[in-house]
Amino acid sequence: MLELLLLIKFIIFTGVIRVEHNRIGVILTSFLISVVILSLLKRIKGKRRYSYIFGFYGVVSLLLLINGAYFTQFNTLTSVHVIRQIPQLKTVGDNLKMLLDFRKIALLLELPVVYLYFRRLRRNHDPENKDTLKYRQNVLIAGVVALAALIQFFGHTGQLQSVASQELYFHHAMDMGRAIVSEHKAAAEVLTMEDRMERVRIRRNLVEGNYTGIGRDKNLIVIQVEALQDFVIGRTYLGQEITPNLNRLIKSQSSLYYDNYFQQVGKGNTSDAEFVSNNSLYPSSGEPTFMEYAENSYYGLPWLLRDNGYTAWAFHGNEREYWNRDVAYVNQGWQRFVAEDDFHFTEEVGFGMKDEDFLQQSAEYIQELDKVDENPFYAFLITLTSHTPFVIPEEDQHLQLKPEHTGTILGDYLQSVHYTDRELGRFIDSLKERDIMEESVLAIYGDHFGLNAVNEIDKEIMTRYLQVEYDFDHMMNIPLIINIPGENLGIRISTIGSQLDFYPTMANIMGYPIEKGIIFGRDLNNLQTTNYVYPASFMPLGSVITEQEVFEMSRDEVYEHSRAYDRITREPVDIEKFKNLYNRAIQEITISNYILENNRIISDY
């Protein structure tokens with residue numbers, strides 16, 4: 001009975017994670033491994049075998065549910081690192097209804113019935129006769145032989161990697177193996193990494209040119225806006241501007257607007273966005289970087305500005321220990337962390353205080369920061385209200401929506417972004433009233449996507465709304481706006497870049513050379529070479545976004561199963577032209593991981 005139920009579960013699960021290649025092989029492999037394990041457990045003597053069998057069945061069912069929900073959010077199966085993130089998973093708790101549907105819930109529905117069945121078996125246990133034991137032995141042998149034959153077949157046809165990377169047991173076995181051996185690097189590999197690091201190190205030699213030093217001696221205020229995607233910028237909805245204040249800032253003659261700018265985050269989402277932006281390092285491939293490498297030494301934008309006389313404060317309306325910020329911020333270079341317990345508020349929305357309270361009170365703190373000494377300051381703010389699931393109080397919903405979008409993920413997203421845009425406008429006005437705005441460079445960017453191209457519901461509603469198939473290049477595209485008062489700019493820049501490029505771009509605008517540390521990004525205003533985006537998550541490792549095209553490495557890790565398309569025409573593109581970029585993408589992220597794992601930034605001081 002259990003074997004049949006598991007077979008049904010594996011069929012459902014491979015549909016949930018959208019296995020496109022070798023689906024039958026993936027299902028059969030999971031099924032046969034389960035048959036072998038169940039046969040071994042059934043050979044245990046006595047009543048305790050029922051507990052082991054049900055325990056195994058329950059764990060597999062739970063793993064299927066967790067992986068299915070995780071895939072919906074991250075476009076990949078879970079890893080052992082995720083277990084260590086459980087204290088931080090209130091994000092998933094708030095989004096649970098968005099990540100679960102009937103197919104996923106069905107993976108657990110029968111568990112109470114199965115539990116009662118095994119409880120009755122245990123209570124009415126009869127010793128096994130020889131015929132039953134012999135039958136189970138035959139089943140075990142047949143399962144092992146069938147599994148071996150299946151593996152041999154796929155190995156012979158070259159598709160073993162495809163099955164292994166998508167199949168539940170193989171995936172978790174390989175993941176645990178990687179976790180065990182990750183700290184045991186071969187000496188040859190270390191030497192190779194040192195050589196590659198030398199080639200990356202030269203990127204910190206910024207070139208003087210466009211906009212170099214136009215922000216020198218000014219304050220720097222950076223706002224990382226929760227889930228702000230670029231598609232809302234300049235767009236109207238029933239004649240209403242979705243982001244009127246950001247639009248006004250972009251149209252200002254003192255602004256630069258980067259419209260071909262992309263998120264570059266890992267499992268830490270918002271916390272990784274700030275890490276990457278301030279350090280120009282790829283996020284950790286395992287845990288959120290602030291959790292896995294909090295104790296490392298860094299030399300990012302906060303340290304650079306501090307070395308040039310600045311005072312650096314970070315502001316966030318969430319709990320100070322969330323994503324380990326209270327620990328990580330010390331080595332990031334922040335001298336003070338103004339967190340949730342530093343603010344006064346009576347109403348919470350989603351994860352904490354509303355942006356209205358956060359931004360208005362942050363303006364007061366910034367006035368205090370401005371008076372610390374005669375030197376300029378660096379203030380880094382992270383908004384919160386426009387976080388999934390985008391549900392805000394009715395009195396803060398000021399967009400008139402079509403009936404078809406009311407109560408949908410798109411309608412709620414537009415309302416929350418519109419609300420945050422209003423509060424950003426009020427914040428800027430507050431800085432002007434305090435005579436701070438004219439003496440400050442202001443940079444605003446989105447941390448990551450709000451609407452997921454992997455989630456079928458999000459993808460469908462966004463495809464209808466944009467009238468083009470919603471894909472990764474739409475999902476990961478975030479705006480970057482830099483305003484330098486008094487400058488004659490008003491320029492829209494379509495050079496492709498990502499959060500990796502924020503630090504070097506801002507360093508050159510502020511007029512301070514990067515003489516320490518290692519950076520992977522480039523100054524987007526003075527590129528000396530073609531730039532690319534190598535996503536560290538959401539798209540499989542090895543994927544590439546160029547100014548004209550997107551290459552998505554196949555999730556089964558077989559290059560020939562990958563896809564590529566033109567970003568304008570949306571037509572397919574030959575994947576063979578991306579092989580060099582695919583290898584460079586893997587190499588870049590591998591080097592960055594090596595630097596994090598070995599705390600190599602300090603050696604370059």
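A residue is called buried here when its relative accessible area is under 20%, exposed when that value is over 50%, and partly exposed in between. By that cut-off Phe538 is buried, because its relative accessible area is 3%. The model is a predicted one, and 58% of the 605 residues of the protein count as buried. The protein has 23 helices and 16 strands, and its accessible surface comes to about 25500 Å², of which 53% belongs to carbon and sulfur atoms.

**Nonpolar cores and long-range contacts**

- Among contacts between residues at least 6 apart in sequence, 76% join residues that are at least 24 apart.
- The largest nonpolar core has 99 residues, and those with the most contacts inside this core are Ile221, Phe231, Leu381 and Leu414.
- Apart from that core lies another, of 74 residues, with Ile214, Leu281, Tyr310 and Leu500 among them.
- When neighbours within four places in sequence are left aside, Phe231 is in contact with Leu410, Tyr413, Leu414, Leu451, Met462, Tyr465 and Leu466.
- In soluble globular proteins, nonpolar side chains tend to be buried together.

**Helices H2 and H23**

- Helix H2 covers residues 23-42, and its 20 residues should span 28 Å at 1.5 Å a residue, which agrees with the 28 Å between its end C-alpha atoms.
- H2 is largely enclosed by the rest of the structure, because 14 of its 20 residues are buried.
- Helix H23 takes in residues 579-597, and the span of 27 Å expected for its 19 residues at 1.5 Å a residue agrees with the 27 Å that separates its end C-alpha atoms.
- The buried residues of H23 include Leu581, Tyr582, Ala585, Glu588 and Ile589, and further along the helix Ile591, Ser592, Asn593, Tyr594, Ile595 and Leu596 are buried as well.

**Backbone exceptions**

- Most residues other than glycine have a negative phi, and most peptide bonds are trans.
- Phe538, a residue other than glycine, has a positive phi near 70°, and its place is in the loop between helix H22 (502-510) and strand S14 (544-545).
- Asn599 is not a glycine either, yet its phi is positive at about 50°; this residue lies in the segment after H23.
- Asn599 is partly exposed, because its relative accessible area is 25%.
- Thr388 and Pro389 are joined by a cis peptide bond, with omega at about 5°, and Pro389 lies in the loop between strand S9 (377-382) and helix H19 (409-433).

**Exposed positions**

- Glu404 is found in the loop between S9 and H19, and with a relative accessible area of 54% Glu404 is exposed.
- The C-alpha atoms of Glu404 and Ile461 are separated by 9.9 Å, although these two residues are 57 residues apart along the chain.
- Phe102, Ile105 and Leu109 make a nonpolar surface patch of about 320 Å².
- Within that patch, Phe102 belongs to helix H7 (residues 102-105), and Phe102 counts as exposed because its relative accessibility is 60%.

Technical notes
Residues are numbered from 1 along each chain as its sequence is written. This is a predicted model: local features need pLDDT of at least 70, side-chain atom pairs count only at pLDDT 80 or more; totals for chains, interfaces and linings use all residues. Side-chain values use heavy atoms; hydrogens and water are left out. Helices (H or I, at least four residues) and strands (E, at least two) are DSSP runs, numbered from the N terminus. The expected span of a helix is 1.5 Å times one less than its number of residues. Buried means under 20% relative accessible area, exposed over 50%, partly exposed in between (1.4 Å probe, protein chains only). Patches are made of residues with over 30% relative accessible area and no salt bridge: like charges are joined within 9 Å, nonpolar side chains (Val, Leu, Ile, Met, Phe, Trp, Tyr) within 5 Å. Accessible areas come from the Shrake-Rupley method with a 1.4 Å probe; for residues, only the protein chains shown count as cover. A salt bridge is a side-chain nitrogen of Lys or Arg within 4 Å of a carboxyl oxygen of Asp or Glu. A nonpolar core is a set of buried Ala, Val, Leu, Ile, Met, Phe, Trp, Tyr and Cys residues joined through side-chain atoms within 4.5 Å. Contact means heavy atoms within 4.5 Å.
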